[in-house]
Amino acid sequence: MRALAVGGRALLLEFGGGDEAQAFHAELLRRRAAGALPAVREIVPAARTVLLDGVEEPGRLAEDVAGWEVPPLHARVEPAVEVPVRYDGPDLAEVAALWGVAPDEVGRIHAGVEYRVAFCGFAPGFGYLTGLPERYGVPRRATPRTAVPAGSVALAGPYTGVYPRSSPGGWQLIGTTDVTLWDPAREPAALLSPGARVRFVPVVREGA
Amino acid sequence: MTDRAFAVVRAGALTTVQDGGRCGYAHLGVPRSGALDPHAAALVNRLVGNRGDAAVLETTLDGCAVRSRGAVTVAVGGAPCAVTVDGRPAAWGTSVRVPAGAVLEVGAAVRGVRSYVAFAGGVAAEPVLGSRSTDLLSGLGPAPLADGVVLPLGIPPAGAPHYDAVPWPGVPRELVLRVRLGPRHDWFTGEALRVLTTRAYRVSASSNRIGLRTEGPALERAVPGELPSEGMVLGAVQVPPDGRPVVFLADHPTTGGYPVVAVVHERDVAAAAQAVPGTPVRFIPTR
C-alpha cells in the first residue's frame, strides 16, 4: 500500500489491486464503526484506491494505517441484493460476439455470478460491480450514447453497472431492470453501496 | 398559504439554492455541492441574523429578481451589483427590509461572477440528504430557479446576533491559487510541472459549478494510458487529455479517471467562484 497526500486534508491509499482496496475499505468501515478511526468526512473507495477526505492530520493517519493488519475480504453476512433483469439490451448481440457465445447465453453467464459493489461514482447510486471473470471484460462503445435509459444493465471493462437515471453513457447495454437504484427520499437512498453483494435474476419477458 | 415565501420574477442566467452542501455521501457518488463562495454566503447570512450555512440564492453574472409575499429582511453580497427594492436603490452588503409584495432586484455583477442573497429565516426548499443545495452534476436538490417558481422561507431565528456590515474580501484581478503537487504529479513530465507553476493561465468561459476550466499551455504527460478511477477532492487540479488544468469546484464528480497533478489550498478555492472568464490564473506551489 502507498499513501499519497492529496492537498493538506486528504489521503489517497493506493493498493496493488481491487480486492486489496476493497478489503482495506471494509477494515476502515469496521474501525470507524468501532470509534477507532480519527474523524474523516468522506471515505471513497475506487478501482484500486481508497480516498480519505477531510482528515485533520493526514500525515499521522498515513503512518497509522501503514501498520494495520487487514484480513482478506470475506463475504458479508447480510443477503445479496437481488436485481431482476430482462436481458434485452441493444448491445446484447455485440457482447455475445465479443464473448464468443450465442446472444441468449449472455444473460445466463451474467446472472450466474455473484457481484460486489467495488465503488460508486459517475452518478448518485451508480455502482461499479466486480465479479465477472476477466475473460468477459468488454470495451466501452466507440461512440457513447447521448441518453442511456434509467435501469439499463451495462458492461464496461471489468465492471457491471446499472444506470440509476437517464444519462449519457458509453457502456454496453445488455438488459433492463425496474428496480429503483437511487431514491433520495428512501433510506438508504442508494440500493447499491460499496461492499454490497449483488445478484442479477433473469426475468422472462411477457409474451416470450 | 403562508406569507413566508417569495416568487421568482426573473430567474437570471443561473440562480440556484445553496447551503453548506451535502457531506458524507461521496462514496455513493453524491457531490458535496454548496455555495461556491461559502464565505460570501456566510456573510450575507450573518447580515440577516441566520446561521452561516442557511440556504441562500447564488446568482451567476446577471443577478435575479424576486417578489416577497410578506415583509422580509434580506442581504445581497458576494459579487458587487446594483440592488433595488421596487425600483428604488437599496444597499449592497448590508441588511435591507423588503416590504410585503415588493420586488427585490439583484442586478448584474459589476465585478466577480456570483452574488448571494440571504433571507431572514433562509430559503426553506425541501432538503435532500440533509442539504438544500442544488447539485447541477447529479440533479439533486431544488431545480435551478425558473420564472414564476415560488420558494418558501424559514422562520427567522430569535435573538440571533445582528451585524450591520461585514468585511468582504473583494474580487481579485488575478486568481492566485496555492497548490500542493500530487497525488499524480508523477504522471507528468518535469517540464509540465514547471509550466504549471510558472506560466500564466486564464479562466475559460466554459467554467461552471463543476470546475474552473483554464486556457493556457498544455501539460505533457510522462505516463500514457488510463488511470483507474479514483476519489476526487474539492480543489483537485485534474488534467484531461487536452492538457489544460481543470480546478474541481463544489459540484465536482466524486470519482474520476484523469490524473490530478495538484490540489488547490482549501482557502483559495472560494476565490475561483468569483473569477470571470479571462482572469489570469497562477498556480503557486507550496508544501
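Biologist: Why is the pairing of Arg209(B) with Glu58(B) called a salt bridge?

Modeller: This is a predicted model, and in it the closest N and O atoms of Arg209(B) and Glu58(B) are 2.9 Å apart. The rule asks for a side-chain nitrogen of Lys or Arg within 4 Å of a carboxyl oxygen of Asp or Glu, so 2.9 Å passes and the pair counts as a salt bridge.

Biologist: How many salt bridges does the rule find across the interface of domain 1 and domain 2 of chain B?

Modeller: Just one. The rule for polar contact, though, picks out 11 residue pairs across that interface. On the side of domain 1 of chain B that touches domain 2, you get 11 nonpolar, eight polar and five charged residues.

Biologist: Hang on, where do those two domains of chain B sit in the numbering?

Modeller: Domain 1 covers 5-152, and domain 2 covers 175-285. Their centres, taken over C-alpha atoms, are 28 Å apart.

Biologist: What makes you say that domain 1 and domain 2 of chain B are in contact?

Modeller: Contact needs heavy atoms within 4.5 Å. By that test, 24 residues of domain 1 of chain B meet 15 residues of domain 2, so the two domains do count as being in contact.

Biologist: And what area is buried between domain 1 and domain 2 of chain B?

Modeller: About 1,600 Å², with carbon and sulfur atoms giving 58% of it. On the domain 1 side, Arg32(B), Leu36(B) and Leu137(B) supply 36% of the area buried against domain 2, more than any other three residues.

How values were computed. Residues are numbered from 1 along each chain as its sequence is written. Chains are lettered from A and ligands numbered from 1 in the order in which they are written. This is a predicted model: local features need pLDDT of at least 70, side-chain atom pairs count only at pLDDT 80 or more; totals for chains, interfaces and linings use all residues. Side-chain values use heavy atoms; hydrogens and water are left out. Domain bounds come from an automatic or database domain assignment. Buried area is the accessible area (1.4 Å probe) that two parts lose on being put together, summed over both. A polar contact is a pair of N or O atoms within 3.5 Å; within protein, one must be able to donate a hydrogen and the other to accept it, and residues adjacent in sequence count only if both atoms are side-chain atoms. Ala, Val, Leu, Ile, Met, Phe, Trp, Tyr, Cys and Pro count as nonpolar, Asp, Glu, Lys and Arg as charged, and the others, Gly among them, as polar.
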